[in-house]
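This report reads one structure from its overall layout down to single residues, with attention to what a modeller may want to look up in the coordinates. Please keep the sequence and the view of the structure at hand while reading.

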Amino acid sequence: MYKECPQKYKFRYVHMLPEQPKYYFAFGSALHEVMEYIYNPTNPSFPTLEQALSFFKTHWDSTSFDQKGYASMEKEAQGFAEGQRIIAAYYGKHANSFVHPLSVEMKSTLDMDGLSLISILDRIDYLGDGRVRILDYKTGKTVQREPDQLMMYQKVAENSPAVLHLVQQTDPSVKEIKVEKLSFYHLPTLQELSFDRGSDKEMYAFWQKVLGVADEIRAGKFDPQPEENKCRWCDYRNICPVFTGKEYSGPSGWSAKTAPSAASGALLAAASASAVPPAKTEDELLSDKIDRLGALLREEKQLRQEIAHTMDKKGYKRHFGARFKAEIKEEKKRTFADKQKTLDTLRALGLLSKTLVPTQSTISALLDDSSVSPQAKEQLRALAEETAQTDLQITEAE
Ligand code: SF4
């Protein structure tokens, strides 16, 4: 966004003024959720088409019409039908060859050269010998190569301790990760486009560009870069200095985040009100965020304790609010504390490849897998410690 227009970036990430909902984000997010659901490596089996369609509907219905940003109810219905079509076509093409990837929707946070890189890698496949393929799902009309995006994935995957750790769970001898292949998968046309990894020279130039942008942001350089096509679709047009002739001095930070929309008349009125305090510095915004998150986490902990205590006193397993429901789930948690012994046992039983990634949950799933022999289960059970656990789950009430 900074490269598109520094002033727009300032509105969005310094003043924290929300953009209006975009239907293509809602559509893309719903299909990404479905892909995550299909390929979740912790699920021993793959969902059926009916289950995937049902999951899609639940996710679609969990956001309101306004949140999705469609221009009309008809357009929203067309979006939903298109999502169903894509999922059915995807199953038609791939259901017989589903394979669990190394990870799906992996969120990686990496501190590097003074930057905090937060990335979500849609899908990582392990190709052996420390080599991985990164796959990114696309849901727009077309796919372009977008080298910066691919290079960022490569940079993150090859430097992220979390990705290395994940690969080492499958292949403990691996010391470093190499991205062999970068792919975009265009869901509407079921086409995959693969690209070679960026060369050292390309990666160096890319990284210098990233550091340069970071320096400019830190230096507070937010000059507008108006262009007809960009400004026509920009949500901040009504408050942009290019069009108002004066600097924006309206709500900023958390107070702006809760404003209905940057382009709304209310915000525009607020923008011109002289009583509004000046925009906060980046450090002040950071302090605001830390305090707000800390207070929310403390309140969440307190509320969980109170709800669980009252439900326990009343003997309730489930209780409804006006919009959400609370459920107490009791489950047995198995822990395989001796990792080496567990891995050796899995190897000896020929079950290591069955877990794909041997985590506590995938090993535990073997004990519920009907294709695993009773003798093998007994050996695994002997390595597990079982503890009863209660979990308070809060979900939207249907
Ligand atoms: S209206 Fe144009 S110049 Fe102003 S922030 Fe948006 S894109 Fe930038």
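How do the residues of the shell around the ligand divide into nonpolar, polar and charged? In this model, which is predicted, the shell consists of 8 nonpolar, 1 polar and 3 charged residues. By name, the residues around the ligand are Cys 5, Gln 7, Lys 8, Pro 224, Pro 226, Lys 230, Cys 231, Cys 234, Tyr 236, Arg 237, Cys 240 and Val 242. Two elements, α1 (6-14) and α9 (228-232), each give two or more residues to this shell.

## The chain and its domains

The chain contains 17 helices and 8 strands, and its C-alpha trace spans about 80 × 65 × 45 Å along the principal axes. Of the 398 residues, 20% count as buried. When contacts between residues at least 6 apart in sequence are considered, 67% of them join residues at least 24 apart.

The chain is divided into domain 1 (6-17 + 220-280), domain 2 (23-97), domain 3 (103-198), domain 4 (281-313) and domain 5 (317-396). The centres of domain 2 and domain 5, taken over C-alpha atoms, are separated by 28 Å, and the contact between these domains involves 4 residues of domain 2 and 7 residues of domain 5. On the side of domain 2 that touches domain 5 there are 2 nonpolar and 2 polar residues, with no charged residues.

## Two open sheets

Strands of a sheet pair through backbone hydrogen bonds, in either a parallel or an antiparallel manner. One open sheet is formed by 5 strands in the order β1-β2-β3-β4-β5, and its pairing is mixed. Because β1 and β5 (191-196) stand at the edges with a single partner strand each, one side of each is left without a neighbour in the sheet. From one strand to the next, the twist of this sheet averages 40 degrees. Within the sheet, β3 and strand β4 (residues 178-186) run parallel and are joined by 8 bridges; Ile 134 stands opposite Leu 182 in β4.

The other open sheet is built from 3 strands in the order β6-β7-β8, with antiparallel pairing. Its edge strands are β6 (318-320) and β8 (385-396), each of which pairs on one side only. Neighbouring strands here are turned against each other by 25 degrees on average, with direction ignored. The antiparallel pair of β6 and strand β7 (residues 324-335) is joined by 3 bridges, and His 319 is found opposite Ala 326 in β7.

## Individual residues

Two residues deserve a check of their backbone angles. Glu 105, which is not a glycine, has a positive phi near 50 degrees, and its place is in strand β1 (residues 103-112). Asp 129, likewise not a glycine, has a positive phi of about 55 degrees, but Asp 129 is found in the loop between β2 (115-128) and β3 (131-138).

The table sets out the surroundings of these residues together with two others.

| Residue | Other C-beta atoms within 10 Å | Class |
|---|---|---|
| Glu 105 | 16 C-beta atoms | partly exposed |
| Asp 129 | 10 C-beta atoms | exposed |
| Leu 53 | 17 C-beta atoms | partly exposed |
| Gly 245 | 7 C-beta atoms | exposed |

The classes follow from cut-offs: a residue is exposed if 12 or fewer other C-beta atoms lie within 10 Å of its own, and buried if there are 20 or more. Asp 129 therefore counts as exposed with 10 such atoms, whereas Glu 105 is partly exposed because it has 16.

Leu 53 lies in helix α3 (residues 49-61) and, with its neighbours within four places in sequence left aside, is in contact with Gln 84 and Ile 87. Between Leu 53 and Gly 83, which are 30 residues apart in sequence, the C-alpha to C-alpha distance is 8.9 Å.

Where does Gly 245 lie? Gly 245 is located in the loop between α10 (241-244) and α11 (254-257). Gly 245 is 126 residues from Ser 119 in sequence, and their C-alpha atoms are 37 Å apart in space.

Key. Residues are numbered from 1 along each chain as its sequence is written. This is a predicted model: local features need pLDDT of at least 70, side-chain atom pairs count only at pLDDT 80 or more; totals for chains, interfaces and linings use all residues. Helices (H or I, at least four residues) and strands (E, at least two) are DSSP runs, numbered from the N terminus. A residue is near a molecule or strand if its C-beta atom, placed from the backbone, lies within 6 Å of it. Ala, Val, Leu, Ile, Met, Phe, Trp, Tyr, Cys and Pro count as nonpolar, Asp, Glu, Lys and Arg as charged, and the others, Gly among them, as polar. Domain bounds come from an automatic or database domain assignment. Two residues are in contact if their C-beta atoms, placed from the backbone, lie within 7 Å. Two strands pair if DSSP finds at least two bridges between them. Axes are lines fitted to C-alpha atoms, for helices over the stretch in contact, and angles run from 0 to 180 degrees between N-to-C directions.
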